[in-house]
Amino acid sequence: MPSPEPPHPELSSTVERSRLEAQRRSDLVAERVRTEPASLCVLTGDRPTGPLHLGHLFGSLGNRVRLQQAGVPTMIIIADYQVITDRAGTDRIAEHVRDIVCDQLAVGIDPAKSTMFTHSAIPELNQLLLPFLSLISIAELQRNPTVKAEAAAAGISAISGLLLTYPVHQAADILGVGGTVVPVGLDQLPHLEVTRLLVRRFTEAYGPCFTAPEALLSEAPVVLGIDGTKMSKSRGNAIELRHTADETAALIRRARTDSDRRITYDPQRRPEVSNLVLITSLCTGEEPRAIAERIGDGGAGALKQLTIAAVNEHLAPIRARRRELAAVGDDVLQVVRDGNVVARARATATLDRVTEAMGMIY
Ligand code: ATP
Ligand code: MG
């Protein structure tokens with residue numbers, strides 16, 4: 001097998017330059033979050049493909065709560081149509097929506113400050129797709145590296161029209177409800193670039209209607225699941241917020257480790273052991289290296305005991321709130337029904353501006 005070619009030096013320096021530029025812009029947004037939070041609007045969300053887990057808690061939910069507490073109006077989309085970008089149906093989708101609502105409320109999302117809504121309840125977002133789709137070529141859509149990576153990760157060989165146009169749907173979601181800040185990891189930047197490109201092209205064609213959103217880069221760690229691959233709703237490897245303390249203990253006891261008895265924090269060479277140390281650290285606030293040193297030659301058994309105790313203690317108040325919310329039954333969805341009214345009013349106002357800019361007033 002030929003070894004993969006190293007990236008062309010010019011290309012990698014271009015990638016590095018654009019990464020630095022993205023970081024610089026993100027730092028400016030972070031400054032605005034501190035100085036003028038009310039002038040911004042965050043758009044963020046999840047696909048209802050299963051209950052949320054520790055990866056979400058440390059990767060995105062914590063950040064969401066901090067933005068909310070900083071006073072930034074926050075729109076949280078439950079992207080139900082995006083579920084069928086990479087799977088064949090909408091199996092158990094209502095249950096997943098309820099789970100996500102309970103998870104978010106349990107971690108501290110406050111419906112008085114943040115708006116939770118479902119994509120399918122806001123048809124105006126889909127109508128925005130028509131002008132947007134006219135502004136981008138198939139070749140440009142096919143070049144998007146994130147779509148390709150997502151298709152590969154889901155084991156999809158034939159990319160559907162919905163998956164191919166995923167970044168355009170995302171643009172409609174963001175711009176439709178007036179999102180100006182989108183918290184993303186580096187890998188999601190190409191999607192947001194499509195939104196910014198569509199804003200430029202729409203403005204050229206029809207005049208100013210939209211503010212181009214900015215990325216707020218998060219330094220969130222990637223949490224691995226008990227099998228050593230990325231913790232994921234759909235891989236059966238997740239410690240879910242809704243699990244009980246006993247279920248959590250059983251899962252962590254089964255987590256993959258390695259044969260070296262001495263515990264160290266070395267994410268490159270010892271990803272599984274280091275992941276347990278990292279999870280412990282995220283729960284307790286103690287430095288990963290200090291945790292590893294304290295366990296020393298105690299082995300994986302001692303590490304797992306510590307991780308179980310840390311996770312269960314950290315999640316105890318969240319889980320208690322979550323149990324109360326789950327006991328409410330379908331009434332917990334009232335938060336989304338209310339959110340849908342707010343989001344729909346915003347999307348209708350956007351669509352009115354768009355049809356007017358396009359001269360479609362008869
Ligand atoms: P699915 O299996 O359906 O793809 P998932 O568990 O990968 O689900 P997503 O809804 O794809 O979850 O992820 C939403 C966001 O949550 C991501 O963009 C990322 O910010 C965060 N996230 C998800 N999993 C992790 C993880 N293991 N570690 C850190 N952050 C994560
Ligand atoms: Mg995913």
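Begin by selecting Gly 178, the residue with a positive phi, near 75°, that follows helix 8. As you look, keep in mind that this is a predicted model.

From Gly 178, step back to helix 8 itself, which covers residues 166–176. Is this helix open to the outside or enclosed by the rest of the structure? Because 10 of its 11 residues are buried, helix 8 is largely enclosed by the rest of the structure. If you colour the buried residues, you will mark Tyr 166, Pro 167, Val 168 and His 169, then Ala 171, Ala 172 and Asp 173, and finally Ile 174, Leu 175 and Gly 176.

Within this helix, select His 169 next. Its relative accessible area is 9%, and because buried means under 20%, His 169 counts as buried. Which residues does His 169 touch, once those up to four places away in sequence are set aside? Show the side chains of Gln 82, Leu 129 and Leu 162, and you will have the contacts of His 169 on screen.

Now move along the chain to strand 4, residues 181–184, and select it together with strand 5, residues 214–217. These two strands run parallel, and 4 bridges join them. To see one pair of residues in this arrangement, centre the view on Val 184, which stands opposite Leu 217 in strand 5. Then follow the chain from strand 4 through helix 9, residues 189–206, and on to strand 5, a β-α-β crossover that is right-handed.

With helix 8, strand 4 and helix 9 still displayed, look for the second largest cavity, since each of these three elements supplies at least two residues of its lining. This cavity holds about 40 Å³ of space, and the residues around it are Gln 170, Ile 174, Val 182, Val 184, Gln 188, His 191 and Leu 192. By class, this lining divides into 4 nonpolar and 3 polar residues, with no charged ones.

The structure holds 2 cavities of 30 Å³ or more, and to reach the largest you should select Gly 225, Ile 226, Ala 255, Asn 275 and Leu 276, which lie nearest its centre among the 14 residues that line it. About 70 Å³ of space lies there, and the lining is made up of 7 nonpolar, 4 polar and 3 charged residues.

Turn next to the pockets. The largest pocket contains about 1,700 Å³ of space, and of its 50 lining residues the closest to the centre are His 56, Glu 150, Asp 187, Gln 188 and Lys 230, which make a good selection for centring the view. Which element gives the most to this lining? Select helix 2, residues 54–69, and you will have the element that gives the most, with 7 residues. Strand 1 (42–46), helix 6 (145–153), helix 8 and strand 4 are also among the elements that each supply at least two residues. The lining as a whole divides into 20 nonpolar, 18 polar and 12 charged residues.

For the last stop, select Ser 18, Arg 19, Ala 22, Leu 189 and Glu 193, which lie nearest the centre of the second largest pocket and belong to the 15 residues that line it. The volume of this pocket is about 380 Å³. Helix 1, residues 9–35, helix 9 and strand 5 each supply at least two residues of the lining, and the largest share, 7 residues, comes from helix 1. Colouring by class would show 7 nonpolar, 2 polar and 6 charged residues around this pocket.

Technical notes. Residues are numbered from 1 along each chain as its sequence is written. Chains are lettered from A and ligands numbered from 1 in the order in which they are written. This is a predicted model: local features need pLDDT of at least 70, side-chain atom pairs count only at pLDDT 80 or more; totals for chains, interfaces and linings use all residues. Side-chain values use heavy atoms; hydrogens and water are left out. Two strands pair if DSSP finds at least two bridges between them. A crossover is right-handed if, with the strands pointing away from the viewer, the path from the first strand over the helix to the second runs clockwise. Buried means under 20% relative accessible area, exposed over 50%, partly exposed in between (1.4 Å probe, protein chains only). Contact means heavy atoms within 4.5 Å. On a 1 Å grid over the protein atoms alone, a cavity is a set of points where a 1.4 Å probe fits but cannot get out, and a pocket is an open set with protein on both sides within 12 Å along at least five of seven lines; lining residues have an atom within 4 Å of a point. Grid points are joined across faces, edges and corners, and a volume is the space filled by probe spheres set on the points. Ala, Val, Leu, Ile, Met, Phe, Trp, Tyr, Cys and Pro count as nonpolar, Asp, Glu, Lys and Arg as charged, and the others, Gly among them, as polar.
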